[in-house]
Amino acid sequence: MSTRRFMINSRAVRDGYASFDGDIYNHMVRVLRLGTGDAVQLADEKGTEYSGVIDQVSKEWVAVKIDSACQTSEAESDSPRITICQALPKGDKVDFILQKGTELGAHSFCLFGGRRSVAKIRDDQHTTKLARWNKIVSEAARQCGRADIPEVIWRASAVEAANDASQELRLILWEGEREHSIKDVLSVLNKPLSVVVAIGPEGGFDPLEVRHFSQQGFQPVSLGPRILRTETASVAILAVIQYMWGTM
Ligand code: SAM
């Protein structure tokens, strides 16, 4: 079995050892049944890769003895940093969007309350929702061997989400767009440092939202003649961008 790789926080490494409890402990010891003497690879958020061997396992924590460390040339660093700006969809579609988006290299997610979002989040639900969403992306990052874990933020409306944007290339996937296809738009551009893509909920974008995103520099683009589910659109645009400018 190839050596398993875990995304860690650099703070876990101290004096030649890395210690873990919580999710990483569970994944290493309970899910993968790793134990003393098993080799592991660790990757922190700064792009450092560590090779080590599990040295001690208790009921709640595991200690890895670090044998070597090296600074990786962050394979993903020359890909654009892609932000998915997603209107809150119904039910557990958001789990799918976060998980698949992480696997497809999204750098961050901005979830927002679209005017036509059926699902709503009360103010007192933010914290628990964000904790759950961050758990999904960190688990997905770990599963697919990413060296970084995407950030997830919440904005109450499309206006707030649009106003937040500072990415170099800004796109809004709009089912009503008839002139500019994603192929037309991307094929004439140089690779940007950062991209943000706004995606509507099941009910689509309200024309006022499209106008506001456009005023904030988001270019409406079409993904073709078929109407895709919101979660399909999210996966499709990430695959297209990664194919054009990323690590695919
Ligand atoms: N209510 C809309 C309708 O019936 O026309 C459908 C919305 S679609 C289910 C959800 C979101 O996916 C859209 O708001 C858009 O962001 C994106 N999307 C789906 N198909 C698309 C397409 N062909 N071109 C551009 N964006 C698309």
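These are my notes on a sheet, the helices on it and a group of aromatic rings in a predicted model.

**Entry 1, the sheet.** I began with the strand order. Six strands make up an open sheet, arranged 9-8-7-11-10-12, and their pairing is parallel. Which strands stand at the edges? I found strand 9 (151-155) and strand 12 (219-221) there; each has a single partner strand, so one side of each lacks a neighbour in the sheet. I also looked up the twist: on average, neighbouring strands are turned by 20 degrees against each other, direction ignored.

**Entry 2, strands 8 and 9.** I then followed strand 8 (residues 108-112), which runs parallel to strand 9 and is joined to strand 9 by five bridges. Within this pairing, I noted Phe109 opposite Val152 of strand 9.

**Entry 3, helices on the strands.** Helix 3 (residues 126-144) lies across strands 8 and 9, and I have its angle to strand 9 as about 150 degrees. Helix 7 (residues 230-245) packs on the sheet too, where it touches strand 7 (81-87), strand 10 (169-173) and strand 11 (194-199). Its direction makes about 165 degrees with that of strand 7.

**Entry 4, the rings.** On to my favourite part, the aromatics. I have four aromatic pairs in the count. How are the rings of Phe213 and Phe218 placed? Their centres are 4.8 Å apart and their planes stand at 70 degrees; over 60 counts as edge-to-face, so this pair is edge-to-face. Ring pairs also link Phe112, Phe205, Phe213 and Phe218 into a cluster.

**Entry 5, burial.** Last, I checked accessibility, with buried meaning under 20%. Phe213 has 1% relative accessibility and therefore counts as buried. Phe218, at 3%, counts as buried as well.

Conventions
Residues numbered from 1 in each chain as written. Predicted model: local features only at pLDDT ≥ 70, side-chain atom pairs only at ≥ 80, totals over all residues. Heavy atoms only, no water. Pairing = 2+ DSSP bridges. Helix = DSSP H or I, 4+ residues; strand = E, 2+ residues; numbered from the N terminus. Axes fitted to C-alpha atoms, helices over the stretch in contact; angles between N-to-C directions. Contact = heavy atoms within 4.5 Å. Phe/Tyr/Trp six-rings, centres within 6.5 Å; stacked < 30°, edge-to-face > 60°. Buried < 20%, exposed > 50% of the residue type's maximum accessible area, 1.4 Å probe, protein only.
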